[in-house]
Amino acid sequence: MSSAAAPRRRNAADTRAAILASARRAFARAGYDGAGVREIAAGAGVTAMLVNRYFGSKENLFAEVCADTMRKPVILSPENLAAADFPAAFAKALVQVTAPGETPLDGFLVLLHSASSPRAAEIGREWIGRGHQTTLEQMIGGPLSRERAAVALALVAGLQVMRQMMEMEALAGAAPADLEAILIPLVRELFKPA
């Protein structure tokens, strides 16, 4: 009788999840153009052929990663959306998520590092439009809700870059309560029904 271990059976759902997690890390680190299917496969412990079998192409995999990053929103969490004072909840969550020393949201990094690729930017815009943009538009309502939602998303992206990644001293060194005091009226005005 041999003492060799039997080959491990693959679970399709676990394999798909491992590939998606590896791709999410790779795209957050290097963007669409900088992450290769072989690197993603190695990170998941599978072959590149298996990545293509599960997702069809790198483009399809990137779209799945974009969708995956929006499944558990932080700033637009169900708790914040249900808050009695949504603008205050939005501003406070934004200050918390962009705290210096915190890891930037990987969904943001995926899109930021992929923005130079026209196709990746197109895919990212589509998923933002389906997810965060639509959620904010519905919360804001009224005239120019589309544009006001987009400005709010730009505020989120800008604060992540300037406070968390660039560590601009006026933002990175500011007391969270001071940033909230600045942001809450700004966000309240942005979300105010017109």
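Me: Which helix is methionine 162 found in?
Reply: This is a predicted model. In it, methionine 162 belongs to helix H9, residues 145–165.

Me: Is methionine 162 buried or exposed?
Reply: Partly exposed, at a relative accessible area of 35%. Being buried would need a value under 20%, and being exposed one over 50%.

Me: What patch is Met162 in?
Reply: A nonpolar one on the surface, formed by Leu112, Met162, Met165, Met166 and Met168. Together these residues have about 440 Å² of accessible area.

Me: Switching to charges. How many salt bridges does a search of the whole structure find?
Reply: The search finds 10.

Me: Why would such side chains pair at all?
Reply: Side chains of opposite charge can pair when their charged atoms come close.

Me: OK, what does glutamate 59 meet in a salt bridge?
Reply: Arginine 119, through the side chains, with an N to O distance of 3.0 Å. Glutamate 59 sits in helix H4 (residues 58–69) and arginine 119 in helix H8 (residues 118–140), so this pair ties together parts that are 60 residues apart in sequence.

Me: And the relative accessibility of glutamate 59, what is that?
Reply: Glutamate 59 is at 29%, which counts as partly exposed. Its partner arginine 119 is also partly exposed, with a relative accessible area of 31%.

Me: What about aspartate 85, which residue does it form a salt bridge with?
Reply: Arginine 188. The closest N and O atoms of the two are 2.3 Å apart.

Me: Where do the two residues of that pair lie?
Reply: Aspartate 85 is in the loop between helix H5 (78–81) and helix H6 (86–97), while arginine 188 is in helix H11 (residues 176–191). The pair links distant parts of the chain, 103 residues apart.

Me: Is aspartate 85 buried or exposed?
Reply: Neither; aspartate 85 counts as partly exposed at 32% relative accessibility. Arginine 188 falls in that class as well, at 36%.

Me: What does glutamate 189 pair with?
Reply: Its side chain meets that of lysine 192 in a salt bridge, 3.2 Å from N to O. Glutamate 189 has 49% relative accessibility and counts as partly exposed. Lysine 192 is partly exposed too, at 43%.

Me: Last one. Which residues are linked in a network of salt bridges?
Reply: Arg24, Asp68, Arg71 and Asp106. That network has two arginines and two aspartates in it.

How values were computed. Residues are numbered from 1 along each chain as its sequence is written. This is a predicted model: local features need pLDDT of at least 70, side-chain atom pairs count only at pLDDT 80 or more; totals for chains, interfaces and linings use all residues. Side-chain values use heavy atoms; hydrogens and water are left out. Patches are made of residues with over 30% relative accessible area and no salt bridge: like charges are joined within 9 Å, nonpolar side chains (Val, Leu, Ile, Met, Phe, Trp, Tyr) within 5 Å. Accessible areas come from the Shrake-Rupley method with a 1.4 Å probe; for residues, only the protein chains shown count as cover. A salt bridge is a side-chain nitrogen of Lys or Arg within 4 Å of a carboxyl oxygen of Asp or Glu. Helices (H or I, at least four residues) and strands (E, at least two) are DSSP runs, numbered from the N terminus. Buried means under 20% relative accessible area, exposed over 50%, partly exposed in between (1.4 Å probe, protein chains only).
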